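Biologist: I should be grateful for a close look at a single part of this structure, with its surroundings described step by step. Please explain the reasoning wherever a geometric conclusion is drawn.

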Amino acid sequence: MKNLPRISEAEWVVMQVLWSQGALTANKIVAELEGKVQWNPRTIRTLINRLLNKRAIRFDKEGREYRYFPAVSEEQCTRYERLSFLGRVYQGATKPMIAAFLEDARLSKKDIAELKAILEEKGKGE
């Protein structure tokens with residue numbers, strides 16, 4: 001976990017494109033984000049360079065083009081962010097975090113049943 005890069009909110013948007021689409025050129029990343037964000041193409045290229053520097057993405061050179069692809073998985077990054085948030089905001093205490101999220105959440109009966117099943121399964125492991 002310690003080797004995972006800290007990805008900013010804007011960088012996360014670029015990563016989501018690469019996680020969903022696979023290896024893409026910078027131009028294709030810009031095209032994917034067109035209409036979804038109000039960023040200049042130069043901004044997107046800057047974000048790509050930051051992600052390269054953080055080793056969150058890598059590239060393969062194909063002729064005159066570079067194809068960028070994730071060096072870390074979405075699952076790894078999501079887990080890292082979740083644990084980082086838990087540590088920063090709730091000092092690592094899971095119960096108060098879950099309680100706070102549930103207090104604000106709109107849950108259907110089906111959602112509640114699924115959460116109960118998860119808790120029951122978690123309880124069997126102890």
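Modeller: Just after helix α2, G35 adopts a positive phi of about 85°. The model is a predicted one, and the helix that precedes this glycine is the part I shall examine. Helix α2 spans residues 26-33, and within this helix A26, I29, V30 and L33 are buried. These four residues lie on the same side of α2, because they cover an arc of only 100° around its axis. The underlying principle is one of helical repeat: an α-helix has 3.6 residues a turn, so residues three or four places apart point the same way.

The next matter is what lies over that buried side. The elements covering the buried residues of α2 include the helices α1 (9-21) and α3 (41-53), together with the strands β1 (24-25) and β3 (65-70).

Of these, α3 may be taken up in detail. The axes of α2 and α3 come within 10 Å and cross at roughly 120°. An angle of that size lies outside the range of 65 to 115 degrees that counts as roughly perpendicular, and is not over 145; the two helices are therefore oblique to each other. The crossing by which α2 passes α3 is right-handed. On the α2 side, the contact is made by A26, N27, I29, V30 and L33, while α3 contributes P41, I44, R45 and I48. Seven residues of this contact are nonpolar, one is polar and one is charged. The buried residues A26, I29, V30 and L33 thus reappear among those that α2 brings to α3.

Helix α3 also packs against α1. Their axes come within 10 Å and cross at roughly 90°, and α1 and α3 are therefore roughly perpendicular to each other. Here A10, E11, V14 and M15 of α1 meet L47, I48, R50 and L51 of α3. By class, this contact holds six nonpolar and two charged residues, with no polar residue. I48 of α3 takes part in the contact with α2 and in the contact with α1.

One further residue of α1 deserves mention, namely W12. W12 counts as buried because its relative accessibility is 18%, where the limit is under 20%. Apart from its neighbours within four places in sequence, W12 is in contact with I7, W19, C77, T78 and E81. By contrast, the C-alpha atoms of W12 and L119 are separated by 30 Å, the two residues being 107 residues apart along the chain.

How values were computed: Residues numbered from 1 in each chain as written. Predicted model: local features only at pLDDT ≥ 70, side-chain atom pairs only at ≥ 80, totals over all residues. Heavy atoms only, no water. Buried < 20%, exposed > 50% of the residue type's maximum accessible area, 1.4 Å probe, protein only. Arc of directions from axis to C-beta. Contact = heavy atoms within 4.5 Å. Axes fitted to C-alpha atoms, helices over the stretch in contact; angles between N-to-C directions. Parallel < 35°, antiparallel > 145°, perpendicular 65-115°, else oblique. Left-handed = near helix turned anticlockwise from the far one by under 90°. Nonpolar A, V, L, I, M, F, W, Y, C, P; charged D, E, K, R; others polar.
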